[in-house]
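This report covers cysteines, aromatic ring pairs and charges placed over rings.

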Amino acid sequence: MPLYRNSVAGVRSQIESGSLVPVLTEQFRFQIGYNPSPAEVRSWDRSLAVLAGDLVDAGLEKAELLVEYQLPLTSKRADAVVCGVHPKTGLPSYVVVELKQWSSASILAGTDDVVLLDGAGERLHPVEQVRRYCEHLSDFIATLGGSTDQLAGVAYLHNATDADIQDLWTLPQSDTGRLFTGQRRGELLKYFQSMLTAEPGADAADQLLSSAVRPSKQLMALAADEVQRREQFVLLDEQQTAYSLVLRAVDESYRSNTKEVIIVTGGPGSGKSVIALSLLGELSRRGRTALHATGSSAFTMTLRRVAGARAPRVKQMFKYYNQFIDAEPNEIDVLINDEAHRVKETSTNRYTKAALRTGRPQVEELIDAARVPVFLLDEFQVVRPSERGTVSDISGAAERMGCKVRMVSLDGQFRCGGSRAYENWVLRLLGLEPGGPIKWTGDEAFAVRVSESPSLVEHQLRSLLDEGYSARIAAGYCWTWSDPVKGGGLVDDVVIGDWKRPWNNKKPTSHDGAPGTPYWASDPAGFNQVGCVYTAQGFEYDYGGVIFGPDLVWRTDHWEARPEYNHDSQVKRSNPEGFSRAIRNTYKVLLTRGMRGMTLLSTDAETQQLFRVLVP
């Protein structure tokens, strides 16, 4: 949905009366849960006035304008979509517009789609940005039928002249990605007229906004195609920037014999693993040596099973962090460290040979192993005291080792239905962002509910399974975890009243119909067991239910973390502050696994009452 919708004439009228920016600010605060940045407000104030004026001068007052249109299943927003009727086909026609106030920009050397802005760092080329927005819409808006025929994309740098952005013209243009400067305003008006008639555009906007949205492209379902054949994912904005920076760093490492560490940060579902798989596929196609590594047995083994299904050798591309303990320096071109918040203090465990027990930090081993080490992480997912996957840990190690460091922050989301409002609500709920819990005011992209019993949670999710969605129940680690029964099933360890269910299978292989540990989140049979943070982290499903156990309870106006109720021996060894942070991060991970909705339940009465108050 857009933040605001009106005819071009209506938008122009509100701009002239000074009421448009206050309306956008109010809608932003209502839909997303916090205030827009000053830069965003300035952009609305200046750029929308220019666009509306140009559309009026093109005779398109009756076209419909969607301002800050949210792309389906992401939190990315196109600045504007102009909706109307195509002059030749008579069909609905849509022009996606990205407005830039840039007065000058240049291409980053060694890339063709990354732009350098003075004082603002790297940005994706605006033509590439809008082209990918159009591709994303064709992929997910059912009425477009998978085609871009009814779409056009415009990047409008209204403060710039051609000479100011001379480098940017080198990127080829197309119908879904055209570049205009203030100097080319006349050409822009003619282009709008070639795509839209003077007829009203309200019906076209209705069709776009009421269209069914296709299910999102599932990471695991496409891993094999991505690695073995061709790219399946459309990378947006900072995702594509990170991708291009890695490819540039590889070329530079050979040309100048340099080593660069690239750190990519992002929240739940911001596309970190999509970038990882896209890089793995492209680097392999280019003949570069690239490996993927994680600290998660579940994630690595699932990727091996899916990506290696038709080509077993592909399985060897997916490794664990501790496998690089004795790697030769720069042995490979790129090491993609996915889920890097799980990097540990050292690689040593009880099976490590005495000669390798050097005590060297694991992050240094990973940096040493490749010409271009890439770390993809979410600092809010650090859940064990031995984990050292923070930006400061990684950048500090890189600087000690004399490496250049480049950072990319992802702010788009594909999990949680692209609902930035939900992620912000979860962070505030758990005290991971300041301000305290706030009421859930709703978001069409994501459903939140509170249930009164685990049996109701299970019943609600099972009905969604029957409709073809995926769903899982997960819980805090507050119950013992028994071994599978020899010759039998799993023990019903999770007991709440008269409701009893087993934890996910401890064994890596199937047991009495229950999938092995690594496959709980991806195998449909996993619904019959309760998952924990270690089997849920890194995965996604359509709907989730999270049971808060007695290890984290709400008391009057604050959270109390209670290690005596937790059964994770490693986390319990933390100091009180460390335990509190780890437990809140644990529930944050569990609450952000769902793509379409989440149900909350607490075994503690006061905590459950908080949930009832916050979620109507």
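## Ring pairs and a cluster

Rings of Phe, Tyr and Trp, the last taken by its six-membered ring, count as a pair if their centres lie within 6.5 Å. In this predicted model, ring pairs link F548, W554, W559, Y587 and F611 into a cluster. A search of the whole structure gives 17 aromatic pairs.

## A stacked pair in helix α13

One of the pairs joins Y422 and W425: the ring centres are 6.1 Å apart and the planes meet at 25 degrees, so this pair is stacked. The angle falls in the stacked class because planes under 30 degrees apart are counted there.

Both residues belong to helix α13, which spans residues 420-429. Y422 and W425 are three residues apart in this helix, and are therefore separated by about one helical turn. Y422 has a relative accessibility of 0% and counts as buried. W425 is likewise buried, at 2%.

## An edge-to-face pair in the cluster

W554 and W559 have ring centres 5.3 Å apart and planes at 80 degrees, so the two form an edge-to-face pair. Planes over 60 degrees apart are classed as edge-to-face. Both tryptophans are members of the cluster that also includes F548, Y587 and F611.

W554 has a relative accessible area of 10% and is buried. W559, at 15% relative accessibility, is buried too. The cut-off for this class is under 20% relative accessible area.

## Charges over rings

Two arginines have their charged ends over aromatic rings. The charged end of R305 sits over the ring of Y519, at 3.7 Å from the ring centre. For R472, the charged end sits over the ring of W520, and the distance to the ring centre is 5.9 Å.

## Cysteines

How many disulfides does a search of the whole structure find? The search finds zero. A disulfide is a covalent bond between the sulfur atoms of two cysteines, and the cut-off applied here for a pair of cysteine sulfur atoms is within 2.5 Å.

Why does C83 not form a bond with C134? The closest cysteine sulfur to that of C83 is in C134, 12 Å away, and this is too far for a bond. Seen from C134, the closest cysteine sulfur is the one in C83, again at 12 Å and too far for a bond.

Are these cysteines buried or exposed? C83 is buried, with a relative accessible area of 0%. C134 also counts as buried, at 0% relative accessibility.

Terms used. Residues are numbered from 1 along each chain as its sequence is written. This is a predicted model: local features need pLDDT of at least 70, side-chain atom pairs count only at pLDDT 80 or more; totals for chains, interfaces and linings use all residues. Side-chain values use heavy atoms; hydrogens and water are left out. Buried means under 20% relative accessible area, exposed over 50%, partly exposed in between (1.4 Å probe, protein chains only). Helices (H or I, at least four residues) and strands (E, at least two) are DSSP runs, numbered from the N terminus. A charge sits over a ring if NZ of Lys or CZ of Arg is within 6 Å of the ring centre and within 35 degrees of the ring normal.
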